[in-house]
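Student: I would like a close look at one part of this model: the surroundings of the ligand. Please take me through them, then show me the rest of the chain around them.

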Amino acid sequence: MPIPVTSPLLPPLEEFLPYLQKIWSSRTLTNGGDMHRELEQAMARYLGVKHLALMANGTLALVTALQALRITGEVITTPYSFVATAHSLLWNGIKPVFVDVDPVTLNLDPSRIEAAITPQTTAIMPVHCYGNPCDTRAIERIADTYNLKVIYDAAHAFGVEDAGGSVLRHGDLSVLSFHATKVFNTFEGGAIVCPDERTYRRIGHLKNFGFVDETTVVAPGINGKMSEVNAAFGLLQLRYIDRALERRQQIDALYRQRLQGIRGLRFMPPRGGQARANHAYFPVLVDAEFPLDRDGLYQHMRRRGILVRRYFYPLISDFPMYRGLASADPALLPMAREAAQKVLCLPIFPDLKDTGVEAVCAAIGEVRAEAHVA
Ligand SMILES: *Cc1c(COP(=O)(O)O)cnc(C)c1O
């Protein structure tokens, strides 16, 4: 049986049936029904944030967040992310400006942001990559100095806290994804976290075609609503998320213990500024001292049925719709480029057993043994 890189958190099916019965008897399937309202409240409480607008998915949440703040012109962002981060800018007619990442956190490097600011710059869109918090203080200082908005792509950061509380409190808005592959899923889904009621209401209009009431349309909004079935599933997931995060933490610790001391394998810092981590991913960086290069290890693992993934390779700035931008020049993004060439994400998900982790580590160990023989 192959071991996937991730597998969705799925509570027992019979526990979902009562939620479906409620939906059937209400005959409300979407457009902000009871499940939608309950999940917004329960999740805001769980995450420790003021307001949270549920969305159909994370990508529409990013697109809508930019609309909510009327962002135009140029936005500074990271090339080391899932492609939807930059796509949300193109969907708004905004020019992405790529800035290199910090070699340790693999998040946007604040010391390189100022040089990329032009008169057209209106915002910064950083990503809390792998759930490791960005340098939010440095980013805030720059945003305040240049009067820029900050929208965090927090698709990886569900439940993550720094010393002051939820990382989702930083910036003007934060965007979550509840896609099946994420730490918390509603099959498909997402949310925009916002600090004030006014922005929450504006997002409510934007995700419903711009409707304010039956006859008033105030913006070219989109259909970005979460359905009642997805919201109901989210309510059930909330009852299991703490257990899931705890298991992820154990797997993370087991990997670090079993793989420590292997020459040429590097890990992310165990606590990259988090008071509470979510262990969304387990990336390793394959350095030159390892007997195989990253792609060699990737092939080796896949031959053994361990379906490791190269998140994030290629860089967003290498895709055809971005590579012509001046800021996509590889010479300007050496750290992101190096990470994209060295990174491999190992399997981590709540149902992964210790024996699965041992199998992954044994497959990596084989490479070293073979290298010694050769
Ligand atoms: C998953 C992801 C998204 C997109 O979220 P969807 O819910 O799949 O649309 C955006 N940004 C990052 C960093 C992601 O990992």
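Tutor: Start with a cut-off. A residue counts as near a molecule if its C-beta atom, placed from the backbone, lies within 6 Å of it. Keep in mind that this is a predicted model. Now the ligand. It is surrounded by 14 residues. The closest are Gly58, Thr59, Phe82, Ala155 and Ser177. Two helices matter for this shell: α3 (58-68) and α4 each supply at least two of its residues. What is the make-up of the shell, in nonpolar, polar and charged residues? The shell has 9 polar residues, 4 nonpolar and 1 charged.

Next, step back to the domains. The domain assignment splits the protein chain into domain 1 (3-238) and domain 2 (241-373). Their C-alpha centres are 25 Å apart. Domain 1 puts 39 residues into the contact, and domain 2 puts in 46. On the domain 1 side, α4 (84-90) turns up again, supplying at least two residues. So do β1 (3-4), β4 (95-98), β7 (161-162) and α7 (228-238). That side holds 26 nonpolar, 10 polar and 3 charged residues.

Finally, the whole chain. It has 11 helices and 16 strands. Its C-alpha trace spans about 75 × 55 × 40 Å along the principal axes. A compact globule of 374 residues would have a radius of gyration near 21 Å, and the chain agrees, because its own value is 21 Å. Of the 374 residues, 45% count as buried. Take the contacts between residues at least 6 apart in sequence: 70% of them join residues at least 24 apart.

Technical notes:
Residues are numbered from 1 along each chain as its sequence is written. This is a predicted model: local features need pLDDT of at least 70, side-chain atom pairs count only at pLDDT 80 or more; totals for chains, interfaces and linings use all residues. Domain bounds come from an automatic or database domain assignment. Two residues are in contact if their C-beta atoms, placed from the backbone, lie within 7 Å. Helices (H or I, at least four residues) and strands (E, at least two) are DSSP runs, numbered from the N terminus. Ala, Val, Leu, Ile, Met, Phe, Trp, Tyr, Cys and Pro count as nonpolar, Asp, Glu, Lys and Arg as charged, and the others, Gly among them, as polar. The radius of gyration is taken over C-alpha atoms; the globule rule is 2.2 Å times the number of residues to the power 0.38. A residue is buried if 20 or more other C-beta atoms lie within 10 Å of its own, exposed if 12 or fewer, and partly exposed in between; C-beta atoms are placed from the backbone.
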